[in-house]
Amino acid sequence: MEDIFQWCKEGNALQVRVWLDEPEHDLNQGDDHGFSPLHWAAMKGHNKIVEMLLLRGARVNATNRGDDTPLHLAAAHGHREIVGMLLRQKADLNFTNEHGNSPLHYACFWGYADIAEDLVHHGAKVSIANKYGDTALDKTRGNLAKVLHDVAVESGQDLKKIKFKDQSWLGLKTRSRDATLSRHKGINHKELDLKTVIAETHSGTTYKGRWQNNDIVAKFLNVREVTPRVSRDFNEEFPKLRIFSHPNILPVIGCCNSPPNLIVISQYLSLGSLYNVLHESRGGIVVDNSQALRFAMDVARGMAFLHSLERTIPEYYLNSRHVVIEEDLTARINMADAKFSFQEKGRIYYPAWMSPEALQKKVSDRNWEASDMWSFAILLWELATREVPFPDQSPMEVGMRIALEGLRVSLKPGISPHMSKLIKICMNEDPGKRPKFDMIVPILDKMAR
């Protein structure tokens with residue numbers, strides 16, 4: 001593997017940029033100590049690389065093996081500009097590592113007064129105690145302790161000491177990803193430890209299992225016969241689903257081409273799909289309007305990235321069953337749900353999310369980007385209403401009525417005016433007048449504020 005970690009340590013911005021341009025490269029992977037590329041760039045003070053990684057979707061709150069985030073390292077090494085970049089990307093400034101230290105602890109201990117003041121002005125709590133009972137103010141020398149104390153009081157902070165064991169207010173930890181996940185393509189069927197069937201769909205049977213100490217899902221594709229041609233097409237198509245370079249895309253890790261079985265392998269996420277979370281209460285997640293907007297933002301960002309690439313083959317159909325949710329509630333587009341060229345051509349299973357023209361025209365005649373935007377509009381409606389589109393009708397009936405009779409979801413009074421307007425724009429009957437995903441992202445960002 002090319003050493004992205006070394007380039008980030010050295011500040012080789014050109015090499016990092018070239019590396020990031022390959023979708024198979026996972027910018028959120030960790031080295032042997034769990035340091036992601038962003039960890040190293042933040043620690044070494046390479047501003048341009050930090051900016052580049054954040055723009056490409058590096059996970060700002062990923063932790064290394066010691067539970068340090070990039071903000072811990074930037075604060076500990078006095079890189080004020082990088083601290084500012086991380087804060088603008090919503091870095092968790094009260095996150096504590098395995099020693100109970102927050103970024104503020106390190107800024108205070110090393111005497112970086114400007115960084116310490118910046119952190120407290122942005123909401124860093126001065127009363128968090130580490131594993132040894134010390135707050136950041138206990139680690140502060142000179143007049144800085146009084147300055148920080150006064151800023152905290154002015155901002156209304158409760159100065160009662162927060163003990164190390166009290167972590168109920170912390171966010172979920174997000175480890176940098178195991179680099180072996182992005183390194184492999186062809187996987188030996190015998191290496192998989194498959195345990196239980198977790199889904200049976202039209203496209204295949206999915207098992208939960210283990211591979212190289214990672215929780216994985218293995219999807220056995222439904223294929224009538226694995227001919228030499230099908231086997232060849234599978235080998236050509238599945239690498240295009242190994243998209244590791246965006247946090248809102250869940251890549252295919254690898255495959256097993258072992259006739260009569262064709263198996264697609266991806267990372268296991270316990271919450272399952274967005275459909276599971278919205279309609280089956282998976283994980284007990286309460287999806288309020290703010291969380292719904294965050295899911296929508298994640299999906300829009302992922303789709304904008306997919307549309308920036310050469311059109312993905314196999315085919316991908318956007319709907320809530322094909323979006324998966326991580327434990328930290330990040331939504332990711334599941335590449336394992338793409339449809340290969342040799343799988344049941346012409347068969348459509350979730351027409352409620354599909355545009356009228358996609359249901360009427362041949363694959364080669366569709367405007368894929370516009371069709372995806374219609375599907376996104378249905379997903380926005382689903383997030384706004386928490387309902388399944390057309391649940392009382394069969395898929396065949398829904399598809400026929402959308403294509404030929406003008407069947408559409410209804411915009412109910414409970415949907416906010418801004419969301420209703422956005423759904424209408426994305427569902428324009430003229431495909432050429434629908435917006436692009438990179439136009440939608442800033443609109444959703446503004447709505448979420």
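Two strands pair if DSSP finds at least two bridges between them, and in this predicted model strands β8 (residues 249–250) and β12 are joined by two bridges and run parallel. The briefing below begins with the strands around β12 and β7, and then turns to charged and aromatic side chains. Across the structure there are 17 salt bridges and 10 aromatic pairs.

**Strand β12 and its partners**

- Strand β12 (residues 331–334) is covered on both faces, with Ala331 and Ile333 buried on one side and Arg332 and Asn334 buried on the other.
- In the parallel pairing of β8 with β12, isoleucine 249 is the residue that stands opposite isoleucine 333.
- Strand β11 (residues 323–325) pairs with β12 in the antiparallel sense, over three bridges, and here valine 323 has isoleucine 333 as its bridge partner in β12.
- Isoleucine 333 therefore appears in both pairings, opposite isoleucine 249 and as the partner of valine 323, and this residue belongs to the buried set of β12, whose relative accessible area is under 20% because that is what buried means.
- The connection between β11 and β12 is a hairpin with five residues between the strands, and leucine 329, which lies in the turn, has a positive phi of about 70 degrees.

**Strand β7 and its partners**

- Strand β7 (residues 214–221) is largely enclosed by the rest of the structure, because seven of its eight residues are buried.
- On one pairing, strand β6 (residues 204–211) and β7 run in the antiparallel sense over eight bridges, with glycine 209 standing opposite isoleucine 216 of β7.
- The hairpin of β6 and β7 has two residues between the strands, and glutamine 212 takes a positive phi near 50 degrees in it.
- β7 also pairs with strand β10 (residues 261–267), again in the antiparallel sense, over five bridges, and in this pairing lysine 219 stands opposite valine 264 of β10.

**Salt bridges**

- Aspartate 150 and lysine 146 meet through their side chains in a salt bridge of 2.9 Å, N to O, and both residues lie in helix α9 (residues 144–154), four residues apart, or about one turn of the helix.
- The two partners in α9 differ in their exposure class: aspartate 150 counts as partly exposed, at 29% relative accessibility, whereas lysine 146 is exposed, with a relative accessible area of 51%.
- Lysine 195 and aspartate 193 likewise meet in a salt bridge, with an N to O distance of 2.9 Å; lysine 195 counts as exposed at 52% relative accessibility, and aspartate 193 as partly exposed at 38%.
- Arginine 408 forms a salt bridge with glutamate 429, in which the closest N and O atoms are 2.8 Å apart.
- This pair links distant parts of the chain, 21 residues apart, with arginine 408 in the loop between α16 (395–404) and α17 (417–426) and glutamate 429 in the loop between α17 and α18 (437–448).
- Arginine 408 itself counts as partly exposed, at 24% relative accessibility.
- Arg59, Glu326, Asp328 and Arg332 are joined into one network by salt bridges that share partners; Arg332 is also one of the buried residues of β12.

**Aromatic side chains**

- Among the 10 aromatic pairs, phenylalanine 35 and tryptophan 40 are stacked, because their ring centres lie 4.7 Å apart and their planes stand at 25 degrees, where stacking requires planes under 30 degrees apart.
- Phenylalanine 35 and tryptophan 40 are both buried.
- Phenylalanine 340 and phenylalanine 342 also count as a stacked pair, since their ring centres are 5.4 Å apart and their planes are at 20 degrees, and both of these residues are buried.
- Phe340 and Phe342 belong to one aromatic cluster together with Phe234 and Phe238.

**Charges over rings**

- The charged end of arginine 141 sits over the ring of phenylalanine 109, at 5.5 Å from the ring centre.
- For arginine 321, the charged end sits over the ring of tyrosine 275, at 4.0 Å from the centre of that ring.

Technical notes
Residues are numbered from 1 along each chain as its sequence is written. This is a predicted model: local features need pLDDT of at least 70, side-chain atom pairs count only at pLDDT 80 or more; totals for chains, interfaces and linings use all residues. Side-chain values use heavy atoms; hydrogens and water are left out. A salt bridge is a side-chain nitrogen of Lys or Arg within 4 Å of a carboxyl oxygen of Asp or Glu. Buried means under 20% relative accessible area, exposed over 50%, partly exposed in between (1.4 Å probe, protein chains only). Rings of Phe, Tyr and Trp (its six-membered ring) pair if their centres lie within 6.5 Å; planes under 30 degrees apart count as stacked, over 60 as edge-to-face and the rest as tilted. A charge sits over a ring if NZ of Lys or CZ of Arg is within 6 Å of the ring centre and within 35 degrees of the ring normal.
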